[in-house]
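Trainee: I would like to go through the terms used for this model and see what each one rests on.

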Amino acid sequence: MKVVGIVGSPRKNGNTEILTTHTLRAIADEGLDTELIRLADLDIRPCNACMVCQQEERCPIEDDLFPIYLKMKEADGIILASPVYFGSATALIKALMERAGYISLRNDRPFNRKVGGSLVVARRAGQNFTLAQLNFWFQILDMVVPGSTYWNMAFGREKGEVSNDEEGLRTAWNFGKNVAWAVNKLKG
Ligand SMILES: Cc1cc2nc3c(=O)[nH]c(=O)nc-3n(C[C@H](O)[C@H](O)[C@H](O)COP(=O)(O)O)c2cc1C
């Protein structure tokens, strides 16, 4: 059983990646396989509404999206993580959500009843909106979203600052434990 954590920050080794790695560690601690997928430096363009995926399970845009879609399809759990940019998820993760989400919707919903959830990092504001924005994606895709001991958010500005947010880390850890628990219950 496997959980993929997709990091939608354009900044490598940043706060979102640190938080996601922490959550994946909690999941690995329960014996599941994990993989961190970093969107930084990948070419992920937005959906262009060509509707090819309504006819067949593919996307004609030639970039890095489709192999990630296949990994998401194979996984038992999917985590989407984003820093807050202007009160919202990043354009990078939004592009992945649009395309992976639409291919899935139009091709027998392979994400159906997988476990999923989000992680958000902010300097100061916009974290509630962004968390809701990401969680809506899981809900329309018929997925199961476990909770944690707080909302899945942590604070930091410069790279590494999130490591000082003890409650944020604990929340992300407990979320990972609940993801692993839910995957084991649903798939075990
Ligand atoms: C373009 C841009 C917009 C941002 N907008 C917000 C914002 O609206 N609210 C906020 O709290 N932080 C905002 N930030 C700060 C980031 O969310 C913060 O630095 C975060 O830790 C970055 O995560 P990363 O290290 O994973 O890239 C913004 C940063 C950038 C570069």
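Mentor: The turns below take the terms one at a time, for a model that is predicted.

Trainee: Why is Gln 133 called buried?

Mentor: Its relative accessibility is 17%, and buried means under 20%. Gln 133 therefore counts as buried. The residue is found in helix α5, residues 127-140.

Trainee: What makes the pair Gln 133 and Ser 88 a polar contact?

Mentor: Their side chains are joined at 3.3 Å, and the limit for a pair of N or O atoms is within 3.5 Å. Ser 88 is also among the residues that Gln 133 touches, along with Ala 89, Lys 94 and Met 97, when residues up to four places away in sequence are not counted.

Trainee: How are α4 and α5 oriented to each other, and why?

Mentor: They pack at an angle of about 10°, with their axes 11 Å apart. Angles under 35 degrees count as roughly parallel, and α4 and α5 are therefore roughly parallel to each other. On the α4 side the contact is made by Ile 93, Lys 94, Met 97, Gly 101 and Leu 105. On the α5 side Gln 133, Leu 134, Trp 137 and Ile 140 take part.

Trainee: Which term fits α1 and α6, and why?

Mentor: The angle between α1 and helix α6, residues 166-187, is about 40°, and the axes are 7 Å apart. Roughly parallel needs an angle under 35 degrees, and roughly perpendicular runs from 65 to 115. The angle of about 40° falls between these ranges, and the two helices are therefore oblique to each other. The crossing of α1 past α6 is right-handed. Residues of α1 in the contact include Leu 19, His 22 and Ile 27, and those of α6 include Gly 168, Trp 173 and Val 179.

Trainee: What makes a set of residues the largest nonpolar core here, and which residues have the most contacts inside it?

Mentor: Such a core is made of buried residues of the nonpolar kinds, joined through side-chain atoms within 4.5 Å. The largest one has 34 residues, and those with the most contacts inside it are Ile 6, Met 72, Ile 78, Leu 80, Leu 96 and Trp 137. Two or more residues each come from β1, α3 (65-74), β3, α4, β4 (115-122) and α5. With seven residues, α4 gives the most to this core.

Trainee: What does Leu 80 touch, leaving out residues up to four places away in sequence?

Mentor: Its contacts include Ile 6, Leu 96 and Trp 137, and also Ile 93, Met 97, Gly 117, Leu 134 and Phe 138. Apart from the largest core lies another, of 19 residues, among them Val 3, Ile 27, Val 179 and Ala 182.

Trainee: Why is Arg 99 of helix α4 called buried?

Mentor: Its relative accessibility is 3%, set against a limit of under 20%. Arg 99 therefore counts as buried. Leaving aside neighbours within four places in sequence, Arg 99 is in contact with Ile 44, Arg 45, Pro 46, Cys 47, Cys 59, Ile 61, Asp 63 and Leu 65.

Trainee: Is Phe 66 in helix α3 buried, exposed or partly exposed, and why?

Mentor: Phe 66 has 22% relative accessibility. Buried would need under 20%, and exposed would need over 50%, so Phe 66 counts as partly exposed. Phe 66 touches Glu 57, Arg 58, Cys 59 and Ile 103, not counting residues up to four places away in sequence. The C-alpha atoms of Phe 66 and Leu 96 are separated by 9.5 Å, with their positions 30 residues apart along the chain.

Trainee: Which class does Asn 184 in helix α6 fall into, and why?

Mentor: At 32% relative accessibility, Asn 184 lies between the limits of 20% and 50%, so partly exposed is the term. Not counting residues up to four places away in sequence, Asn 184 touches Met 1, Glu 30 and Leu 32.

Trainee: Why is Phe 86 called exposed?

Mentor: Its relative accessibility is 90%, and exposed means over 50%. Phe 86 therefore counts as exposed. The residue sits in the loop between β3 (77-83) and α4 (91-106), and its phi is near 50°, a positive value in a residue other than glycine.

Trainee: Why is Asn 13 called partly exposed?

Mentor: Its relative accessible area is 46%, and exposed would need over 50%. Asn 13 is therefore partly exposed. Asn 13 lies in the loop between β1 (2-7) and α1 (15-28), with phi near 60°, a positive value in a residue other than glycine.

Definitions and conventions
Residues are numbered from 1 along each chain as its sequence is written. This is a predicted model: local features need pLDDT of at least 70, side-chain atom pairs count only at pLDDT 80 or more; totals for chains, interfaces and linings use all residues. Side-chain values use heavy atoms; hydrogens and water are left out. Helices (H or I, at least four residues) and strands (E, at least two) are DSSP runs, numbered from the N terminus. Buried means under 20% relative accessible area, exposed over 50%, partly exposed in between (1.4 Å probe, protein chains only). A polar contact is a pair of N or O atoms within 3.5 Å; within protein, one must be able to donate a hydrogen and the other to accept it, and residues adjacent in sequence count only if both atoms are side-chain atoms. Contact means heavy atoms within 4.5 Å. Axes are lines fitted to C-alpha atoms, for helices over the stretch in contact, and angles run from 0 to 180 degrees between N-to-C directions. Angles under 35 degrees count as roughly parallel, over 145 as roughly antiparallel, 65 to 115 as roughly perpendicular and the rest as oblique. A crossing is left-handed if the near helix is turned anticlockwise from the far one by less than a right angle, and right-handed if clockwise.
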